[in-house]
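Dear colleague,

I am passing on the structure below, and after it I set out what was found when its contacts and strands were examined. Please read the notes with the structure open beside you.

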Amino acid sequence: MKCSRLIFPTLKETPSDAAIESHRLMLRSGLIRKLASGLYSYLPLGLRVIQKMENIIKTEMDKAGAQEFRMPLLLPRELWDETGRYELMGDLMMKVADRGNKDFVLGPTHEEAFTSIIRDAIKSYKELPVIVYQIGKKFRDEIRPRFGVMRGREFIMKDAYSFDMDEEGLNASYQAMKQAYINLFKAAGLKTVRVGADSGAMGGSGSEEFMVPSHIGENEIIVCEACGYAANDEAAVCGQNNHEKKDNEILPVEEVDTPDVRSIDELVAFFKTTADKFIKTIIYRYMTQDSEDIVAVLIRGDLEVNEIKLANNLGAVNIALVDDQTIKKVTGAPVGFAGPVDLGKCRIVADDSVKSMTNSITGANKKDKHLINVNIGTDFEVTDFLDVRMVKKGDLCPECGKSLDSFRGIEVGHIFKLGLKYTKAMHCIVLDENGKEHYPIMGCYGIGVDRSVAAVVEQNHDENGILWPITIAPYHVELIPIKYDGRMKEVSDSLYTELWNKGVEVLMDDRPSRPGFKFKDADLLGIPIRITIGEKSLAENKIEIKLRATGETEFVEISEAVKRILSIKDDLESAILG
RNA sequence: CGGGCUGUGGCGCAGUUGGUAGCGCACAUGACUGGGGGUCAUGGGGCCGCUGGUUCAAGUCCAGUCAGCCCGACCA
C-alpha cells in the first residue's frame, strides 16, 4: 500500500475526549474514528490490526479443534425467554422490534444461539465433544462506554462454547481452550496474567480471566508474590486474619447520643477513634430460586462487603441493598443507625472480621443513638460467620498466609465452566451409550478483540507513538523515500515490489511531504521496521533500516536489503513467539 | 440514575461590560525548501449544539432541551 492512496488521517493534536493512551494513539494514528458514544469505525490501518488479531485467534482456536461459525447479531426474543435472560439481562441488552412488532435483541453474547444449534444438530454422545466459536459483533448497551474501543457498546468478540458428555470431557475442553489462550495472547505480543474469577454457583477453579496489568484497568487484581495466588477482587478469598479474640475486658453496653452522625467517616471523627472499632450493619434483600428474604450483614468498619461473595455464600441469585423505608421498618431507625443488638426481625450474618472484635461501636437502631462496648455473644448473636469482605492489598493470602498485593488489570479473556445451565434450560439433549437422555455440559470462552488490540497499544507505546509487535502490526515494513523522485524512487519502487513478492507487507510513504513529516507519522503508526531511502546512503549503494521499538539502525547494501529485512522480520517474530 | 465540566470551520482553542466571529494546525494555489510535523504569499471553509425568551441588537444574558466527556452510583 502506498501512503498517497491510503486513508489514515493522522492527528498532530490530541483529541480532547481521549482519556487514555491507547485511545489517544489509535485516534491520532488514524486507526479509528468515533461515530457516537461507544461506537467506533475502524479505518483501513485499524482494520488490518483487528484482522491480524482475529487471525491469530482463529489459528489457535482451529489448532485446539474448535470450529468456526458466524451467528446473526439480531436474535429473536424467544431464545432469550427460554433461559429467562430476556428479563435478567435488563437494560444491558438492546431490545428492538421489527416492522411486524416482533421482539428481537442485539446479541450481547451467544450462549442461547449456539445451544439452539447444538440442540438441533447433535443427538448422540458419539458426536461429542465439540467446541464451536465465532468472531463477531456483540452489542451491550453499557451504562458508561469509555476509553475508546476499550469499553464500547458495539464490539468484536471471539466467543467459544464447548459441549461435553461429562465433567472429565469439560475439563479437557477447558484445558485446550486455556492453552489456546496462553498461545494466542503471547502471539499477539500481549503480556497477560491469569487470575481466578467469580464462577457463581459453579465454584472451584472453573473460572479464570486473562488480565493485562495496567493502571487504567477496570478490575482490581489480588496477587500473592509469595505463592502465586491470583484472583479478581470479586473472587478473592481472605486468609484467616488473626481471628483470636483479644483479651480485652468485656465492658457493659452504653447508649451514646450521636446526633446526625451516620457514616463511618463521621463516626470516626465523632468518637475520635479508628474505623476498625466499628461494626457496620448493612441490610440486604436477597433472592434465592424460590424465596426472598432480608439479611443484616455485619462487617468491620474499615472493610467493604463483596456482594458477589455474599450472594454466593447465601446461595442467592440476586442481591441488593434495601431502600430507606425498609431500613426503617427492619431496624426501627433511619439510615445510619442500624446495629445488631435487638435486631430481632431478620437473619444476621457476619463477616469473619467481626469474630474477633470486642467492645465495638454500632448503631443503636434508634435515631441519633449509637451503642458502645457491644460484644458478640453478650449483646447479640450471629447466625453465620462468612467470608464476604472485599479483599484488599495487605490482607493475608488464603493459600500461604503471606501479605497480598494488588494491581489493576484489563480483562481481555475469560474462560469458565458453565455447567448445565443452558443445555437444561433449552432442553438440549443427547443420548448416551445406553440410549438415555443426557444434558451436555458446557464451557464458555470469550476474548474481547478490540480490547485486546487497545491493550497492546496500552502496553506498547512511547512518547512518539505506537510500537506494534510485528505479529499484529498493520504492516511489517514502512518504506520511506526521502524524496519520491529519481533514483530514490527507482530503488524504493523495486524494493517495494520485491518485498511484497517475498511476503513482506510494506507500506510506502510516497507522499511529497518533507522527510520530518513522514518520520513523525511513521513513529506514530509504529510499524516495526522502517526503511529509509535517502540520497546520502544511496551514494554508497546503501539503504537504512531502523527498528521502531529500539531505535537500532543499520545501513545495508541494496543488493542485500531484501535478505536482511527478511531475517530481521524473522527475528522479530521469533522474539515474540519464542 | 446522581453530580461536575464542555458544545464556536475537519482538529485544538480564543472570543472582555451584549454591537453582526477570530487564532494555530489541517486544506487549496504558487514560490522557496528538502534526513525529524519547514518558510512566505494568496485563498476557501462557520445556522457559534438545538428551541424559546429578554433586548434596537445575543456566540455572549435567561429558561428549556439535546449531545459529549469526567466522577460517582447507595457499604449506614
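Glu-220 and Arg-408 form a salt bridge in this predicted model, and their closest N and O atoms are 2.7 Å apart. Because Glu-220 belongs to strand S11 (residues 219-223) and Arg-408 to strand S21 (residues 405-419), the pair ties together parts that are 188 residues apart in sequence. Both ends of this bridge are partly exposed, since Glu-220 has a relative accessibility of 21% and Arg-408 one of 34%.

A further salt bridge links Asp-103 with Arg-77, where the closest N and O atoms are 3.0 Å apart. Here a strand is joined to a helix, for Asp-103 lies in strand S6 (residues 103-106) and Arg-77 in helix H3 (residues 77-83), so the pair ties together parts that are 26 residues apart in sequence. Asp-103 is partly exposed, with a relative accessible area of 26%, and Arg-77 likewise counts as partly exposed, at 22%.

Are the two residues of the bridge between Asp-395 and Arg-389 buried or exposed? Asp-395 counts as buried, at 7% relative accessibility, and Arg-389 also counts as buried, at 4%, the cut-off for that word being under 20%. The closest N and O atoms of this pair are 2.9 Å apart. Elsewhere, Glu-142, Arg-146, Arg-151, Glu-218 and Arg-451 are joined into one network by salt bridges that share partners. The model's salt bridges come to 43 by the count used here.

Strand S6, which holds Asp-103, is also worth following through its pairing with other strands. With strand S4 (residues 74-76), S6 pairs in the antiparallel sense over 3 bridges, and within this pairing Leu-75 has Val-105 of S6 as its bridge partner. Strand S5 (residues 94-97) also runs antiparallel to S6, to which 4 bridges join it, and in that pairing Lys-95 stands opposite Val-105. Val-105 is thus a bridge partner of Leu-75 and also stands opposite Lys-95.

What kind of connection do S5 and S6 form? The two strands make a hairpin with 5 residues between them, and in the turn Asn-101 has a positive phi of about 65 degrees.

With kind regards

Definitions and conventions: Residues are numbered from 1 along each chain as its sequence is written. Chains are lettered from A and ligands numbered from 1 in the order in which they are written. This is a predicted model: local features need pLDDT of at least 70, side-chain atom pairs count only at pLDDT 80 or more; totals for chains, interfaces and linings use all residues. Side-chain values use heavy atoms; hydrogens and water are left out. A salt bridge is a side-chain nitrogen of Lys or Arg within 4 Å of a carboxyl oxygen of Asp or Glu. Buried means under 20% relative accessible area, exposed over 50%, partly exposed in between (1.4 Å probe, protein chains only). Two strands pair if DSSP finds at least two bridges between them.
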